[in-house]
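Please open the model in your viewer and get ready to select a few places one after another. This tour tells you what to pick next and what you will find there.

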Amino acid sequence: MNPSLSAHGRTDEAFQESPGAFEALFEALPDAVVLADERGCIVRVNAQVEKLFGYSPDELRGQPIETLIPERLRHAHVGHRLHYNQAPRRRAMDAGLELSGRHKDGREFPVDVMLSPLETGQRTLVLSLIRNLAERDTREALRFHLAALVNSSGDAIIGKMLDGTITSWNKSAERIFGYSAEEAIGKPITMLLPPGTEDEASDILGRMKRGEISTYDAVRRRKDGRNIAVSVTISPIFDTLGNLVGASKVARDFTERKRAEDELARRDEELARSNAELQQFAYVASHDLQEPLRMVASFTQLLAERYQSKLGSEADEFIGYAVDGARRMQVLVNDLLEYSHVGTRAREFAAVDCEKTLKTVLANLRKSLEETGGQVTHDPLPPVRGDHTQLGQVFQNLVANALKFRGSEPPHVHISAEQIEGEWRFSVRDNGIGIDLRYAERIFLLFQRLHTRAEYAGTGMGLAITKKIVERHGGRIWVESELGKGSTFYFSLPMKGVTHGNGLRARGTG
């Protein structure tokens, strides 16, 4: 079935008159080009043929054109070819024919073919331009997919030329800026700039021409004249030769977010001012109340000592109320003053040895431990960074609470710490009366008590002070408990800037 290769020598005469120009044109064409003689034998192919079909020019030279067609279609193609040779004519692409090509490895793919007779002076050759439709369809699908993505984006995506003329405008651009694509395309991008921002327009155009990618926040004007806050990213657009031809602009409307951020910042500022004023008031009030309270307490105690049993039992009862009230008020004022001092008289953070700190705390609580028969045990505790005095107060408040709110058994407190996700998590576990978890948040608030003063003494300030100290150190505090079965208070402290040691067990750190 293979024809003689001698036909190739005869048809080469077609290239003799201007071989250089023909050669350059032949190889420059983007499509696969095949020259065949009247017998359907391949005379010449360009480099694109090898890319498309996998055959080298030497493999194809002298082979029937049907080599490039699936085997199932070859017999019919011979008839089509003979019919074409009887009346050669130019047939353009996109003729609506369903044609297929066959790769050397057997793969089939859709093609479009342009046919044109080529007169050589001696005979007529057939020039075939072959285009891979699969690649075209893929490109079209990608182009369609990209267009769909651009149009469905929640951000405004705008194309513009180097002079700032708008060339593309997606649906979100219409939604954000109020202009339709028909109103925007062809107009200068400066129509989105509020008055008085001409310098910004020049800067933007300069960045575009330098091919820079820029991201910044800006104010833009909608069609209705309303200004909006947007986050803008401008990227250069290059053509296939690498020349800068324009830029794409992605704009995200964050007006509502900006308004919310501004409102949040305003409220934070008000809250900070209110807290500062409240803290100052607490300090001044508690400080200024101390002297008159001392006088009231001193004179009521003096009154009780001098006139006990001299003014009658009712007078003794009233004097007792006055003495007890003055004493409790002194304790409350002192606790309030201590609460205000957490932030105002705090020390600089430094390395704190928690085991030494706990040892000092237990020495301070020695009398309470002896009176209650209490026992405090602990695992190795880590060094942390913080305020030595305040962290000691945290341990003391939690242990003291455990000794106070004890059950029928002698109190037992166990303290431990473990490393979890970049922080030290301390736990203070007791066997006391427990807490109803409905009140787990309430107990850390100022002046909150779950028991009467007759049941347990105190002002309800201890856990509030503890919480404020822990939060000042960048941590948090919470409780897990069950009524009648004890409580475990947890508090966390950041590990940053602290050298770990003491052979502690680590968990959750990888």
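## The whole chain

Begin with everything on display: the chain has 15 helices and 17 strands. Keep in mind as you look around that this is a predicted model. Of its 510 residues, 38% count as buried. Switch on a surface if you like: the chain exposes about 29600 Å², and carbon and sulfur atoms supply 53% of that area. Among the contacts with a separation of 6 or more, 57% are between residues 24 or more positions apart.

## Stop 1: strand S8

Select residues 214-221, which make up strand S8, and start with serine 214. Is serine 214 buried or exposed? Serine 214 counts as buried because its relative accessibility is 6%, under the 20% limit for that class. Now show what surrounds it. Apart from neighbours within four places in sequence, serine 214 is in contact with Arg207, Val232, Thr233 and Ile234.

Next, pick aspartate 217, also in strand S8. Aspartate 217 has a relative accessible area of 53%, so it is exposed. Its contacts, again leaving aside neighbours within four places in sequence, are Val230, Ser231 and Phe254. Then add aspartate 253 and draw a distance between the two C-alpha atoms: aspartate 217 and aspartate 253 are 9.9 Å apart in space, with their positions 36 residues apart in sequence.

Before moving on, select Arg222, Asp224 and Arg226, which are linked in a network of salt bridges.

## Stop 2: a pocket

Now turn to the second largest pocket, which has a volume of about 760 Å³. Which residues are closest to its centre? Select Ile69, His77, Arg91, Leu99 and Leu115, the closest to the centre of the 30 residues in the lining. To see the wider setting, colour the elements that give two or more residues to the lining: strand S1 (32-36), helix H5 (71-86), strand S3 (99-102), strand S4 (108-119) and strand S5 (124-132). Helix H5 gives the most, with 9 residues.

## Stop 3: a pair of opposite charges

Side chains of opposite charge can pair when their charged atoms come close. A search of the whole structure finds 17 salt bridges, and this stop shows one of them. Select glutamate 59 and lysine 104, whose side chains meet in a salt bridge at 2.8 Å, N to O. Glutamate 59 is in helix H4 (residues 57-60) and lysine 104 in the loop between S3 and S4, so the pair ties together parts that are 45 residues apart in sequence. Glutamate 59 counts as partly exposed because its relative accessibility is 36%. Lysine 104 is partly exposed too, with a relative accessible area of 39%.

## Stop 4: a nonpolar patch

Go to helix H10 (residues 255-307) and find leucine 302. With 31% relative accessibility, leucine 302 counts as partly exposed. Add Met295 and Phe299 to your selection: together with Leu302 they form a nonpolar patch on the surface, with about 290 Å² of accessible area.

## Stop 5: helix H15 and what follows

Select residues 462-472, helix H15. Which residues of this helix are buried? They are Leu463, Ala464, Ile465, Thr466, Lys468, Ile469 and Val470.

Now pick lysine 467 and glutamate 471, which form a salt bridge with their closest N and O atoms 2.6 Å apart. Both lie in helix H15, 4 residues apart, about one turn of the helix. Lysine 467 is partly exposed at 25% relative accessibility, and glutamate 471 is partly exposed at 44%.

Follow the chain onward to glycine 474, which comes after H15 and has a positive phi, near 80°.

For the last selection, choose glutamate 423 and arginine 476, whose side chains meet in a salt bridge at 3.8 Å, N to O. Glutamate 423 is in strand S15 (residues 423-430) and arginine 476 in the loop between H15 and strand S16 (477-481), so this pair ties together parts that are 53 residues apart in sequence. How do the two partners sit with respect to the surface: what does each count as? Glutamate 423 counts as buried at 17% relative accessibility, whereas arginine 476 counts as partly exposed at 41%.

Notes
Residues are numbered from 1 along each chain as its sequence is written. This is a predicted model: local features need pLDDT of at least 70, side-chain atom pairs count only at pLDDT 80 or more; totals for chains, interfaces and linings use all residues. Side-chain values use heavy atoms; hydrogens and water are left out. Buried means under 20% relative accessible area, exposed over 50%, partly exposed in between (1.4 Å probe, protein chains only). Contact means heavy atoms within 4.5 Å. Patches are made of residues with over 30% relative accessible area and no salt bridge: like charges are joined within 9 Å, nonpolar side chains (Val, Leu, Ile, Met, Phe, Trp, Tyr) within 5 Å. Accessible areas come from the Shrake-Rupley method with a 1.4 Å probe; for residues, only the protein chains shown count as cover. A salt bridge is a side-chain nitrogen of Lys or Arg within 4 Å of a carboxyl oxygen of Asp or Glu. On a 1 Å grid over the protein atoms alone, a cavity is a set of points where a 1.4 Å probe fits but cannot get out, and a pocket is an open set with protein on both sides within 12 Å along at least five of seven lines; lining residues have an atom within 4 Å of a point. Grid points are joined across faces, edges and corners, and a volume is the space filled by probe spheres set on the points.
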